[in-house]
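Biologist: Please take a close look at a single part of this model, and explain how far the prediction can be trusted there.

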Amino acid sequence: MELVEAIILSVLAASTPLLIAATGELLTERSGVLNLGVEGMMIMGAACGFAGAWLSGSILVGALCGMVAGTLMSLIFALMALGLAVNQVATGLALTILGVGLSGLIGAGFVGERITPAAHLDIPGLTDIPFIGNVLFGQDAFVYLSLALIVGVWWFLYRTRPGLILRACGDNHLSAHALGYPVLRIRTLAVMFGGACAGLAGAYLPLAYTPFFIPGMTAGRGWIALALVVFSSWRPGRLVVGAYLFGAVTILQLHAQGWGVGIPSQFMSALPYLATIIVLVLLSRARTGGSTAPAALGTVFVPDR
Amino acid sequence: MHLVLEKRAERSGTIALVSPLIAIGLTLLTMVILFAILGKNPLLALDAYFIAPLTDGYSLQEIAVKATPLVMIAIGLSLCYLANAWNIGAEGQFLIGAVAGSWIAVKTQGTDAGAWVLPAMLLLAAVAGALYALIPAICKVRFGASEILTSLMLVYIADLSLDYLVRGPWRDPHGFNFPTTAEFDPVATVPLLIEGGRLHLGSIIALLVVAAAAILLGRTIKGFEIRVVGAAPRAARFGGFNANQLVILTFAVSGALAGLAGIIEVAGPVGHLQPGISPGYGFTAIIVAFLGRLNPVGILIAGLFLALTFIGGEQAQIAMKIPLDVTKVFQGILLFYVLACDSLILYRFRLVFSNRQVTRGAG
């Protein structure tokens, strides 16, 4: 029983950065923009988040620094892909290459330092309930925030007028433009939201997951977040399921390594990446009757006047 | 005030030629600022990066050695990108090629195997790279799965496979437990061009690849098909060109070239299989492909230039204690400027100060 509880707790922790980053990217993609730079924005969020927390001694300041770093990175993307109408795939790749280099430069001075990780919720009485107490009432703030975030995005997209307009931009930017909506401004805001989320997701890693920073610590999580958005068919509800499934795969392979199943550890470490490929193939295959992706996803829009 | 893009009536030929130069100029300017922020003398740093490596013979050879994998991979990637197929997993295909070729080297180690070993290694590496690249290509055309994500996931899997082999079955028993195979036998090594130098046969192969790509794109129907499918998919469909078949073809070719580059790197400058054989060649080659404007000759020049940044980065680290990550930052910024300048070929940029001027400008 204790082992099951421990596994659930670690699955929650491993899923949270995926969920936060994928939530931001989901909103970005619903506005019609494909930002492949999630990995770059995340690793910048990790480096700047750790730097902020270490210098200020506050996890909150660290998280904010991570979000600001992610947002600034996403603004570079917006300037290029939306302002200058550059190919979004190439721009996203450039953002990741830049982010990996820049985070190494910023984080170099902090390698080997440690901080006190984010505090976990502790409500006397509730947190002490056996088994479910710790799972429901004993998490760090990021875990609750990630769930609030995805509910908020769902509510925004399907229950508000601005959300409807954002989805319109993603499905047909020409119609949205003809109706008088500022397509590029809406998309810029969506890209910035995606950047802030990716930065926060990156910051989660050194602030709560492991209390130190190492270069390249995102280890492809940004790319897995991108795959999760495809997995979710661009729907918030499925995104939650997908993020926790992937967190579970990550944790199970770690535990399997601990149990000494006799399979080389490298094969177990490859599992999340392999799972991503298999899921992408199965889902794309199941979707024979037309794509569920936003219709204008990844296309260049230059307003004619 | 905001920026307005106006579509040009036709592509600007002049800007197409000078845009990489503008991009390099802007990147250097940005680097000067970055060096100043890091507290290094910008002029000395630029000298260490871009001038010093050009002044001695050893560094010049080293630039050619580093450019070899970059150019070979970038040529393959340019075919993919021209056909609008996004292979970004060349790093994985490079590693798998290195692993497959090394298999022969490891198995023939210490035997009296003859001169067939190296050609067999090169062939197997190319085949393995092509097969590895076919995984995302087939997932794309058969199931519609995004080739961007699948090809990238395969990089991590290739990296872990290599790691397993050199720590497990292929580890050198006399290697003091280091994760590496034994040094390859002379018959399994790419021969040097100059005795005692660094330049090896791989650089000649890279030049042949450039020539072959130039002929393919400029003189053959297949090359024409690749360009049409990427630039005008609708026209290509009316022309009866099979886009899916071209995705398969370009992925296979680029995978084969990346695999070949992998084994040449391992059997050449490195001499044995170990983790970390690539400082991100597969990703830097993406920049090389775009900086070279997806043109074979352009890629050759761009490959030499980015190789210079690798060598210059190492020298600047030794001479001025500039962190190696600066090279990656440089490469990332360069790609941004290249892409931004490419936009100038299709559009005219204009700053507009109020909405009224926009109306007047259009009317």
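Modeller: Chain B has an average pLDDT of 88 (the predictor's confidence in each residue, from 0 to 100), and 97% of the residues score at least 70. Residues 357-363 of chain B, however, have a pLDDT below 50, and this stretch has five contacts in the model beyond near neighbours in sequence; two residues are in contact if their C-beta atoms, placed from the backbone, lie within 7 Å. The model is predicted, so local features need pLDDT of at least 70 and side-chain atom pairs count only at pLDDT 80 or more, while totals for chains, interfaces and linings use all residues. Residues are numbered from 1 along each chain as its sequence is written, and chains are lettered from A and ligands numbered from 1 in the order in which they are written. For the complex, the predictor gives an ipTM of 0.86 and a pTM of 0.89.

The part to examine is helix H3 of chain B, residues 57-82. Helices are DSSP runs (H or I, at least four residues), numbered from the N terminus. At 1.5 Å a residue, the 26 residues of H3(B) should span 38 Å, and its end C-alpha atoms are 36 Å apart, which agrees. H3(B) nevertheless has a kink of about 30° at B:Ala67, shortly before the proline B:Pro69. Of its 26 residues, 21 are buried (20 or more other C-beta atoms within 10 Å of their own), so H3(B) is largely enclosed by the rest of the structure. After H3(B) comes B:Asn84, with a positive phi near 60°.

Technical notes
Helices (H or I, at least four residues) and strands (E, at least two) are DSSP runs, numbered from the N terminus. The expected span of a helix is 1.5 Å times one less than its number of residues. The bend at a residue is the angle between axes fitted to the seven residues ending there and the seven starting there. A residue is buried if 20 or more other C-beta atoms lie within 10 Å of its own, exposed if 12 or fewer, and partly exposed in between; C-beta atoms are placed from the backbone.
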